[in-house]
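Got the viewer open? Let's take a walk through this one, stop by stop, with something to select at each.

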Amino acid sequence: MQVLTGEELEDLILGCTILGTGGGGSPQKGLAMIRADLREGREFKLANLEEIPDEAMVASPYMCGSISPEDAAGTQKESLECLEAFKALEKYLGKRFFAAIPTEIGGENTAIALSVAAKMEIPVVNADPAGRSVPELQHTTFYVKNVPIAPLAVASAKGDIIILKEVADDLRAEVIVRAIAVASANRAGVADHPVRGGILRESVVPRTLSNAMAIGAVVRQARSSGTDPVEAVVTAQRGYLLFKGKVVQAGWKIDEGFTIGDLSIRGQGDYLDHRYRIWYKNENIISWFDDQSDVTVPDLICVLDPNTGEAITNPNCKKGMDVVVTGCPAPSIWRSPRGLELFGPRHFGYVMDYGKIEENRRLGGADRN
Amino acid sequence: MRSLGAIELEDILIGCTILGTGGGGSLSEGQRLIKGLIEKGEEFTLGKLEDLDPKALIGSPYYCGSISPEGGKEESGEVALKAFEALEDYLGEEFKGVIAAELGGFATAGALAVAAERGLPLLDADAAGRAAPDLQCSIFYVMGIPIAPMAVASPMGDVMIVKQVQDDRRAEEIIRRIAVISGNMVGVCDHPTRMEMLQEVVIPNTISLAEKVGRVRRKAMEKEDNPCKAIAEAGNGYLLFQGLVTAHNWKVEEGFTVGQIKLTGIDECKGEEYTIWYKNENIISWCNGEVDVTVPDLISILEKDTGMPITNPNCDKGKRVSVIGFPASEQWRTPDGITAFGPKFFGHDVEYVPIERRRG
């Protein structure tokens, strides 16, 4: 069990935002939440999967609904609703949770789990059910492995507590939780996937928080030593530099609760005379290099600021910005047939087969089929 | 305790639909539900409030959703029973009886069905003395009996427990949203209450009143008497209007069926106009443009010749109907009762005047 320092927490959020592939919420709000807990003297503990006893229960706290504009008061309240939901699920099950697990890796969503765990005085698990950020509630490795989402608890700012005892499937859970959020000023704290340590180990992506922390740390070190932070990210994520250029188009809209958009980037330096395009649904989903499809989900497509190495979240990537695009392989569980069925390019309506990023010929890999 | 046979059950369902004031669900679906259970050999028992142990825990199971002519309730199956049992499971205690949330052709049938399937008595009482559109239009709300914990079951197989809720309005909002995403129909069980508390608040003898209303209609038809007049008398009510439906506009709005019916007078009402506005149930009526009857008093539309109730939104143009009114239970006529279920609650800026003062 590792107690995280303030610096490690800052590295973690920075890294989570990069692995958030454009989504995962606002890192500013995530950081504000964690700093407030630190000021209150709370401790953040990180537990590896091996440290979770087979019979110990773990659950996943998160926020459902549209995120309110940045304000510190709102930030505190959000983590409190998630805390209420987490406690309600404990009470319903008649068991204490040994730890909290983030629902995904993202600047705000991972911070919520950290904040709930700190307030409960329990560790956060060094793992998550996505290994990145994902747009839809059923995009979890729990769903790939058929770990039930219910019973789950929902808490609203109005003091309501609802236990979803049985649910038809994860898609229904999404619809029901969203309906409750809509009836609750568009926000609801949720705790779901109560699961024992033994099953948890088989159904989530391990070491994703320490991985995010390592990525955040190399960015920080590169910045302080004056070396290229982007190169440091590519090395740390065992990934690839996909493109470098200036954003020439950045259209987006809110569609059924999702932020959907398209980025066009004109190449610079080594990429002069080339173009790059990214389509996103909250997270970056698919990219094209000169109209040839380049990288797709579940592999990660990250848009970074070339000077700071920090991630640019959607839809904050605007026309005229200089950006670099990096990519890295998805956790192997997403590359299974069921993983690809749930979270491959076809799920988003693109009729194409998934090709692993490391087999991309443009990037020096083997022939793609 | 009294055992109910097929004829008594039929009288109860028709009486409940009349007292359902246009809402309370479809009578034919209620009849089909009960007929199926009779064929399965299930037994139906009506219990007086004093028949039950004061410590007995009672649950109130019902179906929540919009009534529309497309139906869609059949596939909802036993969601009310599922909610009833989920709440028992959550509380760790079995219910010893069932109370109907309201009187209505399908609403009361739902409670009767849950009682029969579990071999429990249905109490001769309910929480409204009529049908009511919103969850908080219940005497439980007026008397401060907590609605939670409550259970909700959907036809899709979802089961949830609303463990705590800010107030009944919030419960209403949450349940309604869940109904909307569940094919407009969920089973609910709420207000788990011990008999000693329950008997202080609910409206007694309403199921036997419904039975009486249904019976006098049946007898009047047998004797070729005026069924509408017999029904009005049985419920201490008034024959308000007789007319022809000339217009009927309605829509489903946030899970409620909202509409307006216009009548032009026939027979002794010739030359007069009548209008009824409803939100699931008939809420307010106007005679020649003047307010006539409002909630919480009851406004029922019956087929003129048979006295059969017409549920919303089935009051089709060209139908010949009688409109009858009944006084609400005394429990509704308190200041709190009027606030919860008076005309102003539905946005009509009208003072409530008891029907017997308008018509007496």
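Here is a tour that begins with one whole chain, moves to the contact between chains, and ends at a single residue.

Before you click anything, keep in mind that this is a predicted model.

**Stop 1: chain B as a whole**

Select chain B and colour it by secondary structure. You should find 11 helices and 16 strands. Its radius of gyration is 19 Å, close to the 21 Å that the globule rule gives for 360 residues, so chain B is as compact as a globular protein of that length. Turn the C-alpha trace along its principal axes and the spans come to about 60 × 45 × 35 Å. Buried residues make up 59% of chain B. Now think about contacts with a sequence separation of 6 or more: in chain B, 74% of them join residues 24 or more positions apart.

**Stop 2: where the two chains touch**

Bring chain A back into view. The contact draws 19 residues from chain A and 18 residues from chain B. On the chain A side, the elements giving two or more residues are β8 (161–166) and α6. Colour that side by class and you get 13 nonpolar, 1 polar and 5 charged residues.

**Stop 3: the α6 pair**

Stay here and select residues 170–182 of chain A together with residues 168–180 of chain B; each stretch is helix α6 of its chain. How do the two helices sit against each other? Their axes come within 9 Å and cross at roughly 140°. That angle makes α6(A) oblique to α6(B), and the crossing is right-handed. For the residues that meet, show Ile176(A), Ala179(A), Ile180(A) and Val182(A) on one helix, then Ile174(B), Arg177(B) and Ile178(B) on the other. By class, this contact has 6 nonpolar residues, no polar ones and 1 charged.

**Stop 4: a helix pair inside chain A**

Next, select residues 208–225 (α8) and 229–236 (α9) of chain A. These helices pack at an angle of about 155°, with axes 8 Å apart. That makes α8(A) roughly antiparallel to α9(A), again with a right-handed crossing. From α8(A), show Ala214(A), Ile215(A), Val218(A), Val219(A), Ala222(A) and Arg223(A); they meet Pro229(A), Ala232(A), Val233(A) and Ala236(A) of α9(A). The tally for this contact is 9 nonpolar, no polar and 1 charged.

**Stop 5: a covered helix in chain B**

Back to chain B, residues 107–117, which form α4. Is this helix mostly covered or mostly uncovered? Mostly covered: 10 of its 11 residues are buried. Among them are Thr108(B), Gly110(B), Leu112(B) and Val114(B). Step just past the end of α4(B) to Gly119(B), and you'll see a positive phi of about 65°.

**Stop 6: Pro133(B)**

Last pick: Pro133(B), in the loop between β5 (122–126) and α5 (139–142) of chain B. Why does Pro133(B) count as buried? Because it has 26 C-beta neighbours inside 10 Å. Leaving out residues up to four places away in sequence, Pro133(B) touches Gly23(B), Phe256(B), Lys279(B), Asn280(B) and Glu281(B). To tie this back to the α6 pair, draw a distance from Pro133(B) to Arg177(B): the two are 44 residues apart along the chain, and their C-alpha atoms are separated by 15 Å. Arg177(B) is one of the α6(B) residues that meet α6(A).

Technical notes
Residues numbered from 1 in each chain as written. Chains lettered and ligands numbered in written order. Predicted model: local features only at pLDDT ≥ 70, side-chain atom pairs only at ≥ 80, totals over all residues. Axes fitted to C-alpha atoms, helices over the stretch in contact; angles between N-to-C directions. Helix = DSSP H or I, 4+ residues; strand = E, 2+ residues; numbered from the N terminus. Parallel < 35°, antiparallel > 145°, perpendicular 65-115°, else oblique. Left-handed = near helix turned anticlockwise from the far one by under 90°. Contact = placed C-beta atoms within 7 Å. Nonpolar A, V, L, I, M, F, W, Y, C, P; charged D, E, K, R; others polar. Rg over C-alpha atoms; globule rule 2.2 N^0.38 Å. Buried ≥ 20, exposed ≤ 12 C-beta atoms within 10 Å, placed from the backbone.
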